[in-house]
Amino acid sequence: MAAENKHKTETEAKREPGYLPRLQLDELLEELQVRINAARGTQDRIHNLLEAVLSIGRELDLPQVLRSIVEAAVALVDCHYGALGVIGKDQKLSAFIPVGVTDEQERIIGHLPEGHGLLGELIRHPKALRLRELAAHSSSYGFPPNHPPMHSFLGVPIRVRSEVFGNLYMAEKRGQPEFDPEDEAVLQTLAVAAGVAIENARLYQEARDQQRWLAANAEITNRLLSGVDEERLVELIVEHARRILACDLALLAIPVEGSDSIRTAVATGIHASIHRDLVLPRNGTFAGAAIAAGETVTSVDVQSDPRVNSDPARRWEGLGPAVAVPMSTGGEPPVIRGVVVLARAAGGQLFAENETAPLRGFAGQVALAMELAERRRNAEQVALLEDRDRIARDLHDLAIQRLFATGMTVQSAMRFVRHPEANERLLRAVDDLDETIKIIRATIFGLRRHDTEPRPQGLRVRTAQAIENTVPTLGFTPTLRTEGFVDTDVPPAIADEVIAVLGEALSNIARHAQATAADIRLTVKSSEVIVIITDDGIGIREGGRRSGLANIAARAKKLNGELILDKPAPGGTRLVWRVPLPSN
């Protein structure tokens, strides 16, 4: 009876509207829960997207903005690896900011991507690209050695207004074989916000840099008006350029008068001492390339730049992007007074047009400073010559004439003097007046002749020319480094000996050393002059002829100096020739 009543109850319940079996109800509840969770996930993702947009919008420093964008993108699409590639003017990647790769992995992988293969596909076709297996794409070149494995891929372009600034690259979706359309939509939304953040950071950086350039120009103008020393002014200008453009090294190279060489007059930043006072031929140097082109030249990696074939590679070790701006004062043809060279560490940001444009104006400011200083010196020289002419005229027209008249008066008075001793004294006075007139005439002649004679070349120029003359015989260009007051503290006789020693030593290297490089250092201290010549040849053979070295030693002995020969650690020969300078 009870069973019959239960069956009747269930039968009646099934006939009631809205009745659902328990199993179907559980399925509906599970589906509802899934949809609720999906809605919550979507809500969380939108919330995270808004947080990311606000986060990157707060930053104003461009490098930090770019890294914040990549980090936010990796978190939003939940992947292992991400990167942002900045597109340069050559349609290659000028900067690459990876996330998810350790510093050790970056070091092992080596050179960062330049925009070939699959990364270049987004540069050539700036639209979203989603792949389940990136190696299967026709543009994929594979990975370099030691690169972590990657399969799924998602890339979207970043546009700043109508310009494609760069691309976001995401790889290895966590827990899924590929990125889904929702990931693509989220990343595209973030890319739009990234474009706005990048534009704001650019505008802020340009405004800040413009303010710095204006402040620097104002300081330089004040220094010019106050008549500051030219060398100190040039150092100040170069240091301003390095600081404003956040460079690691700044140089000022100037042409050596009377030769085809350039000398690094100013160097600030890392390894500045290696560059300072270095004399090199224009051909084969980065600064020389700017002089030859007559315009700004840039390099992605100055260490491997083909225009730097004769520049010592160790000078640029650890440096990458570089720019060289000639200092021209205008005119036809323009006069290039030197070159400002700036470099950043390897892997640093390339020099953009918005950075090189004010730098060109700043280089013109350097040239103007040098021209004004030269005109000031010329004006002072003219004033000095005019003053000498006035003194010479006054001595000739007034002093000499009066002395001559005085002498004539004394001679005419001698016939009235009868005392022998007095007569003798008057004769001595007349002789003294004649001698004084001769001295004054010689002084007048010296005043008028002093600046009309040609000035001899300095030892620095003569040394550079002597090195250039040996290049065809050597087959390479030696490097020259000078230190001290080379042109002013070395007497002409010792300078002649220095040139002779240099020529003899380089001739020996060409004939016997089988060297491929040589380094020359000319140092002038308060008490001596030192010439150090080092080559990478086979060294001095035992029992070989030493007539050339004997001549060099004899020249040192004649001047109370010495010659020292030794073998540096890498091999070759080091010659040290030192002689004392005469005391003042």
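Two exercises on the overall fold and the enclosed cavities of a predicted model follow.

Residues are numbered from 1 along each chain as its sequence is written. In this predicted model, local features need pLDDT of at least 70 and side-chain atom pairs pLDDT 80 or more, while totals for chains, interfaces and linings use all residues.

**Exercise 1.** Describe the secondary structure and burial of the protein chain.

*Solution.* Step one: the chain contains 15 helices and 16 strands, taken as DSSP runs (H or I, at least four residues, for helices; E, at least two, for strands) and numbered from the N terminus. Step two: of its 584 residues, 39% are buried, that is, under 20% relative accessible area with a 1.4 Å probe, protein chains only.

**Exercise 2.** Determine how many cavities of 30 Å³ or more the structure holds, and characterise the lining of the second largest.

*Solution.* Step one: there are two such cavities. A cavity is a set of points on a 1 Å grid over the protein atoms alone where a 1.4 Å probe fits but cannot get out; lining residues have an atom within 4 Å of a point. A volume is the space filled by probe spheres set on the points, which are joined across faces, edges and corners.

Step two: the largest cavity has about 100 Å³ of space. Among its 15 lining residues, A253, I262, T264, A287 and R315 are the closest to its centre.

Step three: the second largest cavity has a volume of about 70 Å³. Its lining includes S261, V279, L280 and P281, together with A464, I467 and E468. Both β8 and α12 (459-474) supply at least two lining residues.

How values were computed
Side-chain values use heavy atoms; hydrogens and water are left out. Buried means under 20% relative accessible area, exposed over 50%, partly exposed in between (1.4 Å probe, protein chains only). On a 1 Å grid over the protein atoms alone, a cavity is a set of points where a 1.4 Å probe fits but cannot get out, and a pocket is an open set with protein on both sides within 12 Å along at least five of seven lines; lining residues have an atom within 4 Å of a point.
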